Number of protein chains: 2
Amino acid sequence: MTATLLPDTMPPVSAEAAGVLPSGIGELVAYGVHRPGLIPLWVGEGDRPTPDFIGAAAERAIRDGATFYTRMLGIAPLREALAAYVTGLYGDEADPGRFFVTVGGMHAFHTAIRVAAEPGDEIVIPSPTWSNFFGAIAALGARAVPVPMQFEPEAGWSLDIARIAAAVTPRTRAIVVNSPANPTGWTATRSDLEALLAIARRHRLWIIADEIYGRFSFDPDHAALGRAPSIRDVWQPGDRDRVLFVQTFSKNWAMTGWRIGWLEGPAALAPAVEGLILYGTSGVATFLQHAAVTALREGEALVAAQIAQAREGRAIVCDALRSVPGVQLPYPPGAFYAFPRVPAEPDARLLAMRLVDEANVGLAPGTAFGPGGEGFLRLCFARSADDLREAMRRMVPALMPR
Amino acid sequence: MTATLLPDTMPPVSAEAAGVLPSGIGELVAYGVHRPGLIPLWVGEGDRPTPDFIGAAAERAIRDGATFYTRMLGIAPLREALAAYVTGLYGDEADPGRFFVTVGGMHAFHTAIRVAAEPGDEIVIPSPTWSNFFGAIAALGARAVPVPMQFEPEAGWSLDIARIAAAVTPRTRAIVVNSPANPTGWTATRSDLEALLAIARRHRLWIIADEIYGRFSFDPDHAALGRAPSIRDVWQPGDRDRVLFVQTFSKNWAMTGWRIGWLEGPAALAPAVEGLILYGTSGVATFLQHAAVTALREGEALVAAQIAQAREGRAIVCDALRSVPGVQLPYPPGAFYAFPRVPAEPDARLLAMRLVDEANVGLAPGTAFGPGGEGFLRLCFARSADDLREAMRRMVPALMPR
């Protein structure tokens with residue numbers, strides 16, 4: 001709000017609204033979005049429109065008149081399909097009563113922190129991390145406590161559990177665990193997850209688990225499972241009541257623009273979540289939910305294609321950028337972002353702008369992702385190989401030492 | 001949450017989530033929704049599915065691939081169409097930069113109070129009023145200050161401006177003005193609106209104007225304009241910066257289930273609202289927004305049909321209920337609810353349950369709408385004449401003195 005002149009006739013604006021954090025990605029998008037021919041790799045979405053079989057399900061539901069007020073927590077067929085999906089993927093018997101449909105993954109996170117935290121409370125987050133976590137926590141009047149992760153140019157990113165434990169105070173209410181992680185690709189090991197759960201148990205904290213990139217795991221050891229390790233793999237009795245999963249249809253099923261996701265948590269939270277949804281958004285259009293059911297039931301080939309595309313994109317991008325002298329880019333084990341460090345230009349914001357100007361490629365500056373992101377750039381490789389090859393053809397010369 | 005046993009493994013839940021208000025309508029819906037043949041008049045929606053021309057616009061946009069991330073404040077064609085609609089209806093030149101697309105009218109209100117108020121702040125609301133206002137304010141940690149309106153069995157509802165003024169304290173941040181009003185049908189006069197604006201001016205308060213039933217005005221004096229008086233009709237220079245309009249596509253265009261509405265306010269709020277939306281819901285699906293553009297551009301015949309249906313429904317319901325000895329029901333001047341008082345049964349909740357049992361008709365108890373609603377019932381008459389006649393045929397005997 002500081003950038004905007006507020007008329008003096010305007011009544012006071014709440015501190016949360018007045019102090020709303022700008023999006024560090026948004027600044028770059030505004031800078032470059034109108035350039036003809038720009039290849040946009042700054043946001044976390046591919047170039048594939050939602051496949052027809054999903055769109056057709058929405059169209060059928062509209063024609064069938066599924067246009068009335070809906071259930072606040074989601075229609076029963078979707079909650080059942082979500083439980084079946086989770087049960088199938090994780091081998092963990094999930095109850096439909098634990099699934100609450102939201103307006104995308106962002107709204108799932110917003111709802112999770114409203115359940116877990118009050119204004120003034122603290123939420124611990126390994127960083128660099130998805131910038132919207134910080135924005136959502138600040139907009140609630142709570143305080144994000146970032147805990148920088150360690151970066152080694154060859155070994156990649158790692159989490160120091162002792163630093164997480166040391167960040168917990170009496171005001172801490174939750175730890176955000178995003179694995180595989182945006183933007184780093186860091187993927188928690190089973191022992192990381194066990195240690196995080198132990199901290200949550202000890203201090204009566206929520207784990208807010210963002211495993212939305214769980215299917216995008218490039219470690220051969222995970223290939224057999226078809227997913228990265230999950231906190232479900234290591235939870236002990238009682239832990240199920242300590243975890244809020246935030247999830248989305250955006251990534252796996254190419255539905256970023258549909259604004260549908262889900263929160264999974266203890267079924268006993270249903271009345272609270274129902275109220276927060278009733279008084280916030282009043283649910284997700286029924287016909288969108290029918291499309292989501294179809295995505296879950298018929299979408300495995302699509303998910304496989306998305307993963308294959310990301311795997312190819314990862315190789316194209318990482319091989320090209322690693323060839324640039326000085327650029328530090330360990331292969332990310334998960335998610336679909338490359339997060340190179342360019343020591344020759346420590347100001348990532350300036351570098352991202354220069355890449356718009358000189359290469360006509362849009363990247364996000366690492367500074368957008370909180371402490372630890374300085375000097376890094378993020379780019380999304382969930383995109384056609386042709387686009388990515390062209391982006392690298394343009395970018396590599398611009399990054400070469402001069 | 002009190003009704004649910006929380007497992008002792010569960011970490012603490014925020015006060016806002018734990019104290020989320022139950023919906024007084026929801027209790028009745030749960031009581032009666034599974035009765036075969038029940039005529040549901042408890043919620044504010046008609047029985048007309050969204051017309052095909054609106055659904056077809058969404059379908060076209062899905063097929064055209066409008067399935068990617070969207071603009072947080074809404075796509076330009078929708079913001080322009082909203083400005084044109086408002087300009088046409090109110091003769092008030094509206095700038096597209098003042099329009100912010102939301103997930104329905106509920107989300108517009110949620111966003112408005114997040115702009116205007118912080119936890120602990122007060123918001124003044126004439127009551128009885130839409131129950132979700134209370135729920136949304138409580139979920140934010142703010143405090144609703146209801147100011148009961150006056151009811152006269154023949155003259156109907158009126159607002160005592162002096163009581164509104166007296167309710168303002170140093171913590172007050174906003175006054176909610178819902179006209180035509182849910183559930184009472186009360187419709188503000190120009191002098192009411194002038195007086196409310198004067199209070200807002202004097203104390204630097206926001207007016208949160210809910211004029212979503214503005215097209216549903218049955219006063220012959222308003223027929224020429226095609227709408228009820230609006231706060232726009234009387235605002236003075238500077239007042240434009242004091243008003244947040246919450247609006248929806250639900251009622252006029254039979255789109256309750258689409259979850260799309262808008263907030264209108266000073267363009268200078270755009271960065272704040274953009275942030276609140278980014279970190280809350282991340283916008284409304286682009287293809288839904290295209291359908292909304294079509295509704296605005298091609299929907300006037302539909303709106304006229306909706307109004308005509310409500311006018312007929314109002315006569316059917318009010319004539320029938322007014323024939324019951326003891327029932328007090330002045331004709332509501334606006335909106336599409338009858339709000340009868342039944343002095344023979346002061347417990348409206350019990351009476352609504354009895355009407356489910358004896359008449360198989362679903363009504364909402366007046367207690368759901370805050371102080372002043374005790375002893376009243378709300379029913380929605382925006383429904384087919386046949387359904388309403390049948391509902392009255394069943395209800396009238398059940399209400400007759402015994």
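Mentor: Start with a definition. A helix here is a DSSP run (H or I) of at least four residues, and a strand is a run (E) of at least two. The model is a predicted one.

Trainee: What makes β7 of chain A a strand and α8 a helix?

Mentor: β7 spans 172–178 and α8 spans 190–203 in chain A. A strand needs at least two residues and a helix at least four, so both runs qualify. Pro180(A) sits in the loop between them.

Trainee: What kind of peptide bond joins Ser179(A) and Pro180(A), and how do you know?

Mentor: Look at omega. It is about -10 degrees, and the bond is cis. Ser127(A) to Pro128(A) is also a cis bond, with omega near 0 degrees. Pro128(A) lies in the loop from β3 (122–127) to α6 (131–139) of chain A.

Trainee: Why point these bonds out?

Mentor: Because most peptide bonds are trans.

Trainee: What is notable about the phi of Arg259(A)?

Mentor: Its phi is positive, near 55 degrees, and the residue is not glycine. Most residues other than glycine have a negative phi. Arg259(A) belongs to the loop between β9 (243–248) and β10 (261–264) of chain A.

Trainee: Now chain B. How do you know that β11(B) and β14(B) pair?

Mentor: Count the bridges. There are two between β11(B) and β14(B) (residues 377–380), in the antiparallel sense. Pairing takes at least two, so the test is met. Within this pair, Ala338(B) faces Leu379(B) of β14(B).

Trainee: What makes the sheet with β11, β14 and β13 of chain B open?

Mentor: Its order is β11-β14-β13, with antiparallel pairing. β11 (337–338) and β13 (364–365) of chain B are the edge strands with a single partner each, so each has one side without a neighbour in the sheet.

Trainee: What makes an empty space a cavity?

Mentor: A 1.4 Å probe must fit there but be unable to get out. Eleven cavities of 30 Å³ or more turn up in the whole structure. The largest holds about 200 Å³.

Trainee: Which residues lie nearest the centre of the largest cavity?

Mentor: Arg114(A), Pro119(A), Leu140(A), Ala139(B) and Leu140(B), from a lining of 18 residues. In chain B, α1 (15–18) and α5 (104–116) each give the lining at least two residues. By class, the lining has ten nonpolar, three polar and five charged residues.

Trainee: How do you know that chain A and chain B are in contact?

Mentor: Contact means heavy atoms within 4.5 Å, so we look for residues that pass. 81 residues of chain A contact 81 of chain B. Together the chains bury about 6,600 Å², with 62% from carbon and sulfur atoms. Phe68(A), Tyr69(A) and Tyr279(A) give 13% of chain A's buried share, more than any other three residues.

Trainee: Where does domain 1 of chain A end and domain 2 begin?

Mentor: Domain 1 takes two stretches, 15–50 and 301–399, while domain 2 is 52–298. Their centres are 23 Å apart over C-alpha atoms. The contact uses 35 residues of domain 1 and 43 of domain 2 in chain A. Between them about 3,300 Å² is buried, 65% of it from carbon and sulfur atoms.

Notes
Residues are numbered from 1 along each chain as its sequence is written. Chains are lettered from A and ligands numbered from 1 in the order in which they are written. This is a predicted model: local features need pLDDT of at least 70, side-chain atom pairs count only at pLDDT 80 or more; totals for chains, interfaces and linings use all residues. Side-chain values use heavy atoms; hydrogens and water are left out. On a 1 Å grid over the protein atoms alone, a cavity is a set of points where a 1.4 Å probe fits but cannot get out, and a pocket is an open set with protein on both sides within 12 Å along at least five of seven lines; lining residues have an atom within 4 Å of a point. Grid points are joined across faces, edges and corners, and a volume is the space filled by probe spheres set on the points. Ala, Val, Leu, Ile, Met, Phe, Trp, Tyr, Cys and Pro count as nonpolar, Asp, Glu, Lys and Arg as charged, and the others, Gly among them, as polar. Domain bounds come from an automatic or database domain assignment. Buried area is the accessible area (1.4 Å probe) that two parts lose on being put together, summed over both.
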